[in-house]
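I opened this notebook to keep track of what I looked up, one topic at a time. My plan was to begin with the whole chain and then turn to single helices and residues.

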Amino acid sequence: MRKRLRRAERIAESLPNASDIGLRVREAEKNVERARKWLKVIQLGNVGEDDRRALFMALEGVSYDIDICASDISLLLSQRMSSSLLRKREQKFVKPKTLRYFVIPRQTRIVLQKFLDECLNAIYGQNFRTRYPSLTPIVTIWPRPEYHYSSFSRTISIPPQDATKMCRFSSLAHEVCHSKIHNIMVALKAEKEPNQELASSLLGADWKDINEEWGRLEERFINLVKRKLDKTYLTLYSNIQDKFIVPRRYLGLQFTEILCDVATTKICGPADIFLLGWISAPYCRDPFSGVRRHLLDLNHPPDVVRLRYELYVLQIGQNNLSDSPRFPEIFRIVDNLIGFDLRSVPKEKWYDHQKLSDYLIGTYTFIVMKLLEKDIVGLVDRILGGSPQFDKDRWERIVRRYEESLSNPMLNSRDLLPYDLANMAWLKVADIFESTIGKGGTYKNFWTLRSKERFFFKRLWNCVVKK
Ligand SMILES: [Zn+2]
């Protein structure tokens, strides 16, 4: 972060009238310093439970400020740079090298395109891609902290720090699902009447039935959450001094997120579960922080609920991996990360009602699970069309090839798809995790061993380049 800020500062200095950028950069630096101090206190661990929570909340606030600041800086920078570029263009004096933020190294671009191709084939199908090339998204690297699909430019932006980490690319599949749902909505809600041709290209000939089923299911989900959790949300909000019952609009957005999560699991397999467990572990470990994060960003279901249903998707129907090799390890590793047993599916009244955060998570999970097995999974299957999904054979092939690759450095990647290689990368991370943190080691041990294995990860990366 500091390095990026320094770079931003240097760019800011090279641009005319950029004192506001300099100001924002300094503000961000101050916040990074504060966050580091608090993190250290939390890591040292000699604070009481209440103080730790207060620090955690303060840290959350300051991280939010850093995020906002970072996106402000990137916006200001892009405005300034494009205006300076335009000025130079007017003077017939263009130096594209000055636009460092937007130049993607060739190899990174190739790898991103291969992953995007796999997503587009799985989510849209080859026919749609050929027929409507301008409706399918492209990928760009943009200096903002999260993956984002912009319906305006039909672009998926990837954070620069993730651009060379294929372990994280299941998020790309998630955003491609958002783009397809957006295109479906455009087709169904076209100005006068649905665009029938586009709707049937996206959903097949029975698009009307699918649309009705979708509406009914979303309504059922929203009503269930409202009926069972309205009061809980209200009380939880009043704890953070806000009088707010969760509106239907947000529940509609959460329903879309569930569809995208389920679709991503069906395309990328365990890679998305590893990723979600990895990035949301602190929030899953402490229901209080997890629910607080959910209340402040109502667009997504709570993280631990997402983890639970994604794991469930890989244990039912055509995606059932439950008795495949190494599958139980995924549970063990995610359990280790988040500090409890995910296999114990909470019952609706399983939790003590006094613990409202626990209650919210338990009931929310119960509602999604209730709708998941037939209805949500069925709807996602119809949205994805007939494209092949992640199944037992594919997972077994990945595990077999991973184990071969440990003894044979010449990895033959002919029959491997990009997301196979991403899953292999996660298997390696899982092994490093098991042999360090799993055996009572520290994160420092983990990262030391992880850096020793960089050639293995580089090899996987090269396989995608050469494909
Ligand atoms: Zn999403």
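The entries below follow the order in which I looked things up.

**Entry 1, the whole protein.** I noted before anything else that this is a predicted model. I then looked up the secondary structure and found 18 helices and 3 strands in the protein. For burial, I read that 33% of the 467 residues are buried. I also looked at contacts between residues at least 6 apart in sequence, and found that 69% of them join residues at least 24 apart.

**Entry 2, helix H6.** I wanted to check the length of H6, which covers residues 170-188. At 1.5 Å a residue, its 19 residues should span 27 Å, and because the C-alpha atoms at its ends are 27 Å apart, I wrote down that the two values agree. I then asked myself how many of the 19 residues of H6 are buried. The count is 14, so I recorded the helix as mostly covered, taking a residue as buried when 20 or more other C-beta atoms lie within 10 Å of its own.

**Entry 3, helices H9 and H12.** Next I looked up how H9 (residues 248-268) packs with H12 (residues 303-313), and found an angle of about 40° with the axes 9 Å apart. Angles under 35 degrees would count as roughly parallel and those from 65 to 115 as roughly perpendicular, and the two helices are therefore oblique to each other. Their crossing is right-handed. Which residues meet there? On the H9 side I listed Asp 261, Val 262, Thr 265 and Lys 266, and on the H12 side Arg 306, Glu 310 and Val 313. Sorted by class, this contact has 2 nonpolar, 1 polar and 4 charged residues.

**Entry 4, Arg 326.** I looked up this residue in the loop between H12 and helix H13 (327-338). Its phi is near 65°, a positive value in a residue other than glycine. I set beside this the general rule that most residues other than glycine have a negative phi. Is Arg 326 buried or exposed? I recorded Arg 326 as partly exposed, because 17 other C-beta atoms lie within 10 Å.

**Entry 5, Arg 285.** My last search was for Arg 285, which is found in helix H10 (residues 270-285). Arg 285 is partly exposed, with 14 other C-beta atoms within 10 Å. I also noted that its C-alpha atom and that of Leu 337 are separated by 8.0 Å, although the two residues are 52 residues apart along the chain.

Key. Residues are numbered from 1 along each chain as its sequence is written. This is a predicted model: local features need pLDDT of at least 70, side-chain atom pairs count only at pLDDT 80 or more; totals for chains, interfaces and linings use all residues. The expected span of a helix is 1.5 Å times one less than its number of residues. A residue is buried if 20 or more other C-beta atoms lie within 10 Å of its own, exposed if 12 or fewer, and partly exposed in between; C-beta atoms are placed from the backbone. Axes are lines fitted to C-alpha atoms, for helices over the stretch in contact, and angles run from 0 to 180 degrees between N-to-C directions. Angles under 35 degrees count as roughly parallel, over 145 as roughly antiparallel, 65 to 115 as roughly perpendicular and the rest as oblique. A crossing is left-handed if the near helix is turned anticlockwise from the far one by less than a right angle, and right-handed if clockwise. Two residues are in contact if their C-beta atoms, placed from the backbone, lie within 7 Å. Ala, Val, Leu, Ile, Met, Phe, Trp, Tyr, Cys and Pro count as nonpolar, Asp, Glu, Lys and Arg as charged, and the others, Gly among them, as polar.
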